[in-house]
Amino acid sequence: MSHLVYVLNGPNLNLLGKRQPHIYGHETLADVERDCRALATELGLDLRFHQSNREYELIDWIHEARETAGGIVINPAAFTHTSVAILDALNAFDAPVIEVHISNVHKREEFRHHSFVSRRADGVIAGFGTQGYLLALRRVARLIAEKNTE
Ligand code: CA2
């Protein structure tokens, strides 16, 4: 299985570290990307790191990953709670998918408690701050390694 992992980020996550630090912390998305790249190198993974405010762009990256990637880490942001289209795209992807939320969505408003993406995700991380991305990458690396030794 490929060592390429896509890390995908949904709408408004480009504002990370710039607003609402009491919910999402002080790290920017560029900080998260830097930390993910450093860990990926350690784990022997190649990384594609993307953010978009447009649903179709996230779907296009998931389709691209179908051809090339061994796993997807995705924080779909608000699309988590609304997007059957992203769920359908992930259902057409055959390798591990880990869903990440920076905040603990279960501690927040009721509308954040439901995730379409969780119906497909192999694991879900919520409430670990931006460290959740690193935990997710470690899990994907493990799942790829297990698949490659089957
Ligand atoms: O906790 C998460 O990671 C979320 O996926 C973040 C989404 C939210 O809609 C989900 O319910 C939970 C929101 C992302 C917006 O990020 C911002 C960051 C800083 C300032 C403003 C928005």
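Reader: Which elements do the buried residues of helix 5 pack against?
Author: In this predicted model, they pack against strand 1 (4–9), helix 2 (29–43), strand 2 (46–51), strand 3 (71–75), strand 4 (97–101) and strand 5 (123–126). Contact here means heavy atoms within 4.5 Å, and the elements are DSSP runs numbered from the N terminus, helices being H or I of at least four residues and strands E of at least two.

Reader: Which residues of helix 5 are buried?
Author: They are G132, Y133, A136, L137, V140, A141, L143 and I144, where buried means under 20% relative accessible area, exposed over 50% and partly exposed in between, with a 1.4 Å probe and protein chains only.

Reader: Any ground rules for the model?
Author: Residues are numbered from 1 along each chain as its sequence is written, and side-chain values use heavy atoms, without hydrogens or water. Because the model is predicted, local features need pLDDT of at least 70 and side-chain atom pairs count only at pLDDT 80 or more, whereas totals for chains, interfaces and linings use all residues.

Reader: Switching topic, where does UniProt put the "active site"?
Author: The unreviewed UniProt entry places that feature at Y24 and H101, in the numbering used here, with the feature name shortened and the annotation possibly inferred rather than shown by experiment. They span 78 residues in sequence, yet their C-alpha atoms are no more than 9.5 Å apart, so they gather at one spot.

Reader: And is H101 buried or exposed?
Author: H101 lies in strand 4 and is buried, with a relative accessible area of 5%. Leaving out residues up to four places away in sequence, H101 touches N75, P76, T80, I125, A126, G127 and F128.

Reader: What about Y24, where does that one lie?
Author: Y24 belongs to helix 1 (residues 21–24) and counts as partly exposed, at 23% relative accessibility. With the same exclusion of residues up to four places away in sequence, Y24 touches L16, I102, S103 and R108.

Reader: Which residues does UniProt list for "binding site"?
Author: The unreviewed entry lists N75, H81, D88, I102, S103 and R112. Over 38 residues of sequence, they are also spread in space, with up to 24.4 Å between C-alpha atoms.

Reader: Where are D88 and R112 found?
Author: D88 sits in helix 4 (residues 84–91) and is partly exposed, with a relative accessible area of 46%. R112 is in the loop between strand 4 and strand 5, and at 19% relative accessibility R112 counts as buried. Apart from neighbours within four places in sequence, R112 is in contact with H81 and V105.
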